[in-house]
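Hi,

Here is the structure I promised to pass on to you. Have a look at it first, and then read on for what turned up.

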Amino acid sequence: MSNTWMILLIGLIPVVIVIIIVLYLMKKIKYKGNLRLNKMIIAIYVGILITSVVVYEVLPKEPMLERLSLGELKQLQTENKSFEATLLKQEENKLSQKFLKDEWSHELSGNTLSLGYIGNDPYSTRVVVEWIDSTDQTIEGKEYRSHINVYGIEIEDRIPLHEVGWNGNQLVIHEPSEQQLTFEQFSNDLNLLPQKVETEEIRMVRGQTYIHLKVPKHIEIVDPLGLQIY
């Protein structure tokens, strides 16, 4: 049964209860002293209440989404900018671990590391290279993603991560497929999400994916798309 039908069913329960109470009062006036009828109506009423509680408990519940204030959104934007600045300074010990999504290592078979991207928006991912003193061929990598928020609704947990794979000596970043997010919300407020929004009123926190690579200094990087930032 779909959520819509379940919501409709639950919405009808109070109506049924009211009808039963009205019938009870009518029967009580017409059949005074009919103890059997009274017991039956009370039993039905209690049964419906118990059923309502059981149905409510077994229904799958989505986590409540609360919209952030403009001040909270500005705080997220500040954290995003601070994170990128710290990453570019290669101060790994100061990076917030809440942005860390994955880490791995890969051994090259040669002295060239190529960066590639599959998707429509290569600039949604930035690559930060930290050169290290090492004579081996091992590349160490970490994937981070900063805050993403649309009109005060946090959606970063609902968007898949970019995937990182290897094709020989080429590191390939795969953009996640396009996602369609839907939300159901009951509220007395009109225009929760404005239909037309002026530029200055747009409240978005545009997060990015960052790939932090530790690369031995003798390795050459080939980056035709300009994914690496400095």
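Below is a short tour of the sheet, the aromatic pairs, the salt bridges and a couple of single residues.

Please keep in mind that this is a predicted model.

**The sheet and its helix**

A good place to start is the open sheet of four strands, which has the order β1-β4-β10-β3 and mixed pairing. Its edge strands are β1 and β3, each of which pairs on one side only. On average, neighbouring strands in this sheet are turned by 20 degrees against each other, with direction ignored.

At one edge, β1 and β4 run antiparallel and are joined by seven bridges. If you want a landmark there, look for His106, which stands opposite Ile139 in β4. Helix α3 packs on the sheet, where it touches β3, β4 and β10, and its direction makes about 10 degrees with that of β10.

At the other edge, β3 pairs with β10 in the parallel sense, over eight bridges. Here the landmark is Ile132, which stands opposite Pro216 in β10. Strand β3 is mostly covered, with six of its eight residues buried.

**Aromatic pairs**

The structure holds four aromatic pairs. In one of them, the ring centres of Phe83 and Tyr210 are 5.5 Å apart and the planes stand at 65 degrees, so this pair is edge-to-face. The two residues come from distant parts of the chain: Phe83 is in helix α3 and Tyr210 in strand β10, 127 residues apart. Phe83 counts as buried because its relative accessibility is 4%, and Tyr210 is buried too, with a relative accessible area of 3%.

Trp104 and Trp166 make another edge-to-face pair, with ring centres 6.1 Å apart and planes at 85 degrees. This pair also links distant parts of the chain, with Trp104 in strand β1 and Trp166 in strand β7 (residues 163–167), 62 residues apart. Are these two tryptophans buried or partly exposed? Trp104 has a relative accessible area of 18% and is buried, while Trp166, at 26%, is partly exposed.

There is also one aromatic cluster, formed by Phe83, Phe99, Tyr144 and Tyr210.

**Salt bridges**

You will find five salt bridges in the structure. One of them brings together the side chains of Glu79 and Lys98, at 3.0 Å from N to O. Glu79 sits in helix α3 (residues 70–88) and Lys98 in the loop between α3 and β1 (100–107), so to speak of distant parts of the chain is fair: they are 19 residues apart. Glu79 counts as partly exposed at 22% relative accessibility, and Lys98 is partly exposed with a relative accessible area of 48%.

Another salt bridge joins the side chains of Lys94 and Glu91, at 3.8 Å from N to O. Lys94 counts as exposed, with 57% relative accessibility, whereas Glu91 counts as partly exposed at 26%.

The side chains of Asp133 and Lys217 also meet in a salt bridge, at 2.9 Å from N to O. Asp133 lies in the loop between β3 (125–132) and β4 (138–145), and Lys217 in the loop between β10 (209–216) and β11 (220–222), so the pair ties together parts that are 84 residues apart in sequence. Both Asp133 and Lys217 are exposed. Elsewhere, salt bridges that share partners join Glu92, Lys142 and Lys214 into one network.

**Two residues to look at up close**

Lys142, from that network, is found in strand β4. Its side chain and that of Glu92 are joined by a polar contact of 2.7 Å. Leaving aside neighbours within four places in sequence, the residues in contact with Lys142 include Glu92, Leu100, Asp102 and Tyr210. Lys142 and Leu213 are 71 residues apart in sequence, and 6.7 Å apart in space from C-alpha to C-alpha.

The other one is Ser114, in strand β2 (residues 112–118). With a relative accessible area of 18%, Ser114 is buried. Not counting residues up to four places away in sequence, Ser114 touches Asn169, Gln170, Leu171 and Val222.

Happy browsing, and best wishes!

Note on methods. Residues numbered from 1 in each chain as written. Predicted model: local features only at pLDDT ≥ 70, side-chain atom pairs only at ≥ 80, totals over all residues. Heavy atoms only, no water. Salt bridge = Lys/Arg side-chain N within 4 Å of Asp/Glu carboxyl O. Buried < 20%, exposed > 50% of the residue type's maximum accessible area, 1.4 Å probe, protein only. Contact = heavy atoms within 4.5 Å. Pairing = 2+ DSSP bridges. Axes fitted to C-alpha atoms, helices over the stretch in contact; angles between N-to-C directions. Polar contact = N/O pair within 3.5 Å; in protein donor to acceptor, adjacent residues only side chain to side chain. Phe/Tyr/Trp six-rings, centres within 6.5 Å; stacked < 30°, edge-to-face > 60°.
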